[in-house]
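Me: I would like to learn how to read a protein structure, one feature at a time. Could you go through one with me?

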Amino acid sequence: MRPQKAAPFPSVPLLRRRAALIALAALALLPALPAGAAEPIRIGELNSYKAQAAFLDPYRKGMELALKQVNDAGGVLGRPLELISRDDGGNPGDAVRVATELLTRDKVDLLTGTFLSHVGLAVAELAKRRKVFFLAAEPLTDKLTWADGNRYTFRLRPSTYMQVAMLMPEAVKANRKRWAIVYPNYEYGQSAAQTFKTLLKAAQPDVEFVAEQATPLGKIDAGPVAQAIADAKPDAVFNVLFAADLARFVREANTRKALDGTFVVSLLSGEPEYLDPLKEEAPIGWVVTGYPWYSITIPAHQAFLDAYRAAYNDYPRLGSIVGYATIKSLAAGLAKAGSTDSEKLVEAFEGLEVDGPFGPFTYRASDHQATVGAFVGTLAVKHGRGIMLDPVYVDGASVLPSDAEVLKLRPAAN
Amino acid sequence: MSFESLLFQAVNGFASASGLFLVAAGLSIIFGVTRIVNMAHGSFYMLGLYLAVTLAPRLGEVFGDALGFWGAILGAALITAALGALVEVLLLRRIYAAPELYQLLATFALLLILSDATLALWGPEDILGPRAPGLTGTVELLGRQLPDSDIFLALIGPIVLIVLHIVLTRTRFGRLVRAATQDREMVAALGINEAVLFTAVFALGTGIAGFGGALQMAREPANLALDLSVLGDAFVVVVIGGLGSIRGAYLAALLVAEVKALCTALGIVEVAGFTFNMSRLTLVAEFLVMAVVLVVRPHGLFGRPLPPAARRGDMEAPLAPLGQRGRFLVLAALALFAAVPLFGLVSSYAPVLALDMVIAALFAASLHLLMGPGGLASFGHAAYFGLGAYGTAYAATVLGLPTPLALGVGIITASAGAVLFGWFCVRLEGVYFAMLTLAFAQIVWSIAHQWEEVTGGSNGLFGVWPDAPFDSAGGLYLAALAVTVLGLVLLRRLVFAPLGLALRAARDSRLRAEASGIAVEKVRWLAFAVAGTLCGAAGGLFAFAKGSISPEAISVGRSIDGLVMVLLGGVHSLMGPLLGAGGLTLLQDMVMRESPFWRGLLGLLILALVLAFPSGLAGGLRRVRSTP
């Protein structure tokens, strides 16, 4: 900051520095060792393990569980699956480098993973460029399968649009006139808010949006935000906040009685990752999307739940489901394609049927979106922790636009 | 929007202000005395909160809820203070003699280590602490409910302010602290044990941070993102208030909190037919306030010009041109780097990694022009990287320009940004300069983040791939190498040209430089523009290398990466930033592959390098040479 002082230069200073530079450069150029003889199918996986630890730790466990099951059953195409997992650094720049490294140094057959939307989109762009199959596991952005959708990219988790659409019947049924919206100020929040407004306005033309709070991600000033919403006197609220922002907002709203008598629909808040930290303060009566692992009666889920608990002595989170279904999808797709060739994989995935923990689902040929759904239920508190009451499984296929509409939404892929 | 709701929001602002003030106060005290830009300050705040939510239920079982809650806050503050003292004794004490800013590198490493240690100790899930016993109710005010805990928080800020004021003005310790803030060498010369004083000050500062974190127990869950998010706020508040001024920090905290509360309260406003959601401004409100304050009052609200550095090291020798052997080695290195695509036949990852190294080298070298010869540490150099990248991406995708032209557009964009922001920045010195550059970078970031139509919002722009012949890994790499080498040659020429000499003269003695007829601000402005322009070239190459660009390229994290590269390599050598950039890129690539706790590992490695080479890799290698 101020002038820097240091020891004087010696007269001929450069030899060692240069030597070190050469050594460093040489280190980078060491060729990768050749692969072993077993010839497994290599799955290149990258994710923001450090930046999103709460979601991705269970995700990794889910993946490993599925991997073990697949390999114990003899692998795919007579070859075992090998998972090569890397941290993507939580940003697109590093992610693209790591993905390239997986492809070039580790010679993986396909790519999967990613959590953050901008990272997922960047890797999808790379997949398109290099013509490599990419199954995006977690990113929610609609752009991944629609506006920026491409031939080589598929997505497992229900998109932002689907999550909002799942809540829509409840929102319409409540028949409230004055809505307020609170969302984190980035693409996910903005597009969720926009979709909600469009869909609700279409279903209920006399609706009025009286307040919109866009809060900085991870830095919500919860008191003033809760107060500003209360001051707008809404009779219903649509919430897109999650994680620490959600906890802050819920606590302030509770203390200030800001949402008393207000009907609230909320995205993702029923996922254990976000619901469990709230403990007995979980906001009772909110209608949410989520994963009520404790009250799902689907047989496939029971089998998954038992296996997961036996393996990790812990209950699964939504991330576990995503990780598990990702590997199961890849196994099914590889088996159907009969090859690890990217073009064949793309063809196999279009219309691929997979048996997931929530029952069978399909990868749509039109927009490469999986029809995995989510549960919608009402929050309650039981034994000091939040739960979803009367959860109903909403099939993803039932909330997605038709193939003809999707065609218009995917200019890049056509 | 009624007057009452605005007034009520203003009352809310006081509670938020106290929180901001408590983080900032500790940072201000530590900086004032030790001159350490403590990057780990937010980590101590985060630790305070984690400790409190852990202690509260345990103490609660033994002593009852109320005592458990307040005991946990006190305990957390004491433990973070002790930890701070430990860090000062074990780590920082060893590097006070190093040039200023190198402590920044050490505390940055500490930030990485503490972040991973917290993850290892407490796990990834957010932990919500108990509410404050006895403060769970509300008071009715203006027809609205004001939480008791907000009233308590609103009062605790001024109380801490008064206590600190009394300690600093009425006690012997306070007099010593103020004296050390003014002139450390004089304090030492008068027989005061500096070491003990520094340890105490560091413990006090970190203790206040821990206390501030613990107090948030009632308001927010302990989570791993706190360290960085709080750090930015703390810097902003300290700088707006004026470094070393505690009451300035309080006033600044109040100003920032009230501006944010106002933006939130206004919500959607309509002006002349345009609707604008004011709440979206909360993303960048504090940086807007800081930019305005620094432009109007270059030393913050209550700040005074910094006293000259207390520990003066040896004068830096003038940079020497390369000797014959040096030239030969540079050519050899150049040949090696040019041959990388050939290695690519063996390992096709080599050109990919080498491309990242080359881009990082240009980024770091352009920052070094300001930091080294200019003596101006920019904390917002990513702004020009981002402008270059976005300009290039926009030109290549939306305008459909050919690759070289698109890169040109990016460079021009960055250049224009640097000329504009530079004009304001070069009027300032030291930390104030650093913070104004940071503010501008954050403003650019928030524009990229929100201007969906042009920048693609938080997701960014996609499909930024170069045309033939640059579309292969080797082709783009060679082109990037050529641009970088051209940039480096230009920078080197510049440093030995009259402009560079004037720049160095202004750094070493502004007064004498001005007396000799050097227009210091003009020279610095020009250097700023050149640095920004070349940085824009690095950004443009980055966009083509990655195929996409997102606001992350302008984030604080990238600016810090730049600082770390330059410091790791060594400020006093033109080769330093190149070594640092290559070294950091390689290190990161390697540790990310090796361990799930790669951030902590990276922190430990940086720490080891700082302790082994307190003046950077280049300086260290030189020292090894000169002591056979």
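Me: What sign does the phi of B:G547 have, positive or negative?

Reply: In this predicted model, B:G547 has a positive phi of about 80°. This residue comes just after helix α22(B), so let's turn to that helix next.

Me: How many residues does α22 of chain B have, and how far does the helix reach?

Reply: For a helix, you can compare its end-to-end reach with what is expected at 1.5 Å a residue. Helix α22 of chain B covers residues 520-546, 27 residues in total. From first C-alpha to last the helix spans 39 Å, close to the expected 39 Å.

Me: Is α22(B) largely enclosed or not?

Reply: Count the buried residues: α22(B) has 22 of them among its 27, so the rest of the structure largely encloses this helix.

Me: Where are the domains of chain B?

Reply: Domain 1 takes in residues 3-296 and domain 2 residues 351-626. Their C-alpha centres are 30 Å apart.

Me: How many residues of each domain are in contact with the other?

Reply: The size of an interface is often given as the accessible area lost when the parts come together. Here we count residues instead: 31 from domain 1 of chain B are in contact with 33 from domain 2 of chain B. On the domain 1 side, α4 (102-122), α9 (226-241) and α11 (285-296) of chain B each supply at least two residues. The most comes from α4(B), with 13 residues. Sorted by class, that side of domain 1 of chain B has 26 nonpolar, two polar and three charged residues.

Me: Which residues have the most contacts inside the largest nonpolar core?

Reply: They are B:A253 and B:M435, in a core of 365 residues. Helix α14 of chain B (residues 350-371) gives the most to this core, with 18 residues. To see what surrounds B:A253, set aside its neighbours within four places in sequence. What remains in contact with B:A253 is B:A17, B:L20, B:F21, B:A24 and B:V237.

Me: What about chain A: how many helices and strands does it have?

Reply: Chain A has 13 helices and 14 strands. Its radius of gyration is 24 Å, close to the 22 Å from the globule rule for 414 residues, so chain A is as compact as a globular protein of that length. The C-alpha atoms of chain A fill a box of roughly 75 × 65 × 45 Å along the principal axes.

Me: What share of the residues of chain A count as buried?

Reply: Of its 414 residues, 63% do. You can also look at contacts between residues at least 6 apart in sequence: in chain A, 69% of these join residues at least 24 apart.

Conventions:
Residues numbered from 1 in each chain as written. Chains lettered and ligands numbered in written order. Predicted model: local features only at pLDDT ≥ 70, side-chain atom pairs only at ≥ 80, totals over all residues. Helix = DSSP H or I, 4+ residues; strand = E, 2+ residues; numbered from the N terminus. Rg over C-alpha atoms; globule rule 2.2 N^0.38 Å. Buried ≥ 20, exposed ≤ 12 C-beta atoms within 10 Å, placed from the backbone. Contact = placed C-beta atoms within 7 Å. Expected span 1.5 Å × (residues − 1). Domains from an automatic or database assignment. Nonpolar A, V, L, I, M, F, W, Y, C, P; charged D, E, K, R; others polar. Core = buried A, V, L, I, M, F, W, Y, C linked by C-beta atoms within 7 Å.
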